[in-house]
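User: I'm new to this structure and would like to learn how to read it. Could you take me through a few features, giving the general idea before the case at hand?

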Amino acid sequence: MTEINDFILNNEAVIRLSFFLGIFAVMAVWEFIAPRRALTVSKVMRWANNLGLVFLNTFILRLLFPAAAVGMAAFSSEQGWGLLNYYDISPLVAVIISVVAMDFIIYLQHVMVHAIPALWRLHRVHHADLDFDVTTGARFHPIEIILSMLIKFATIILLGPPVVAVVIFEVILNATAMFNHSNVRLNLVVDKWLRLFLVTPDMHRVHHSVEDDETNSNFGFSLPWWDRLFGTYRDQPRGGHDNMIIGIHTYNDPKLVLWLHGMLWLPFVGRINSYAINRRSWNSEIDYNE
Ligand SMILES: [Zn+2]
Ligand SMILES: [Zn+2]
């Protein structure tokens, strides 16, 4: 086990980058061959800006947290911190518990960034994307990325997951986020069965609707069970996938929602309390920019 841990700790960046590039390439080709919807803005513009943000976030994370989440898991286990380090559980069971528990925390975190107005401002950067494709899956404001990492550290300290579970979790989360944001056409029967175990693009697209009650649904990233269990599941968008509008109501200035510098500035635009999760019905009278 220590050899595997050493390998992971020494090669974490390469392992994650290889999966990222491999899955990104597969989804990009799939989007090209069988797109679900027509894009509203040029793909070159979208990709240049969204991927620009991804590179910036990767750089900031490496700078702030060079040992990353796997480093925290190794440190926690050396210290004997965390629930799973207290008990003598088989490694396989510990890995399964860890991956499922960390996915649940991500679900709760996602609900939280929608519920708290100041955090919604950060998360708006993800939702303000006017289209929904593989690059949307990694489009987050740097402050939200840092917040996510701190929540992950806290989870690791309390849970004490094996190092291998953390890298598996991160690869799965990265892969499923790219998959379920992809603008790909999936057979509807396949989608129906797949979404019993995995969040599908049609399931997550509902969450990117401009309509508040649809946005406040389907918070899961990998496992679809949390939404079903906690009452936030919504099967399909009211307007259908072809007609639904993606983004945030009234946020359509390309300088703010498409260009990289606008995305970085977006959290600081408008009044702080202009949004709350408890607004579950659509009201076109509300001016979100106030
Ligand atoms: Zn969201
Ligand atoms: Zn999303």
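User: What follows H3, and what is its phi like?

Analyst: Helices here are DSSP runs of H or I with at least four residues, strands are runs of E with at least two, and both are numbered from the N terminus. After H3 comes Gly80, with a positive phi near 75 degrees. Keep in mind that this is a predicted model, where local features need pLDDT of at least 70 and side-chain atom pairs pLDDT 80 or more, while totals for chains, interfaces and linings use all residues. Residues are numbered from 1 along each chain as written, chains are lettered from A and ligands numbered from 1 in the order written, and side-chain values use heavy atoms, leaving out hydrogens and water.

User: How many residues does helix H3 have, and how far does it reach?

Analyst: The expected span of a helix is 1.5 Å times one less than its number of residues. Helix H3 (residues 68-79) has twelve residues and spans 17 Å from first C-alpha to last, close to the expected 16 Å.

User: Which residues of H3 are buried, and what do they pack against?

Analyst: Buried means under 20% relative accessible area, exposed over 50%, and partly exposed in between (1.4 Å probe, protein chains only). Contact means heavy atoms within 4.5 Å. The buried residues of H3 include Ala68, Val70, Met72 and Ser76. Among the packing partners of the buried residues of H3 are helix H1 (2-33), helix H2 (43-64) and helix H8 (163-180).

User: And the chain overall: how many helices and strands does it have?

Analyst: The protein chain has 15 helices and zero strands. Of its 290 residues, 50% count as buried.

User: Which residues coordinate the zinc ion (ligand 2)?

Analyst: Donors are N, O and S atoms within 2.8 Å of the metal (3.2 Å for Na, K and Ca); water is not among the atoms, so sites may look incomplete. For the zinc ion (ligand 2), the donors are NE2 atoms of His126, His181, His204 and His208, at 2.1 Å. His204 is buried at 0% relative accessible area, and His208 is also buried, at 0%.

User: What is the geometry of that site?

Analyst: Four donors count as tetrahedral if all angles lie between 85 and 135 degrees; four are square planar and six octahedral if opposite donors are over 155 degrees apart and all others between 65 and 115; anything else is irregular. The site of the zinc ion (ligand 2) is irregular, with angles of 88 to 165 degrees among its four donor atoms.
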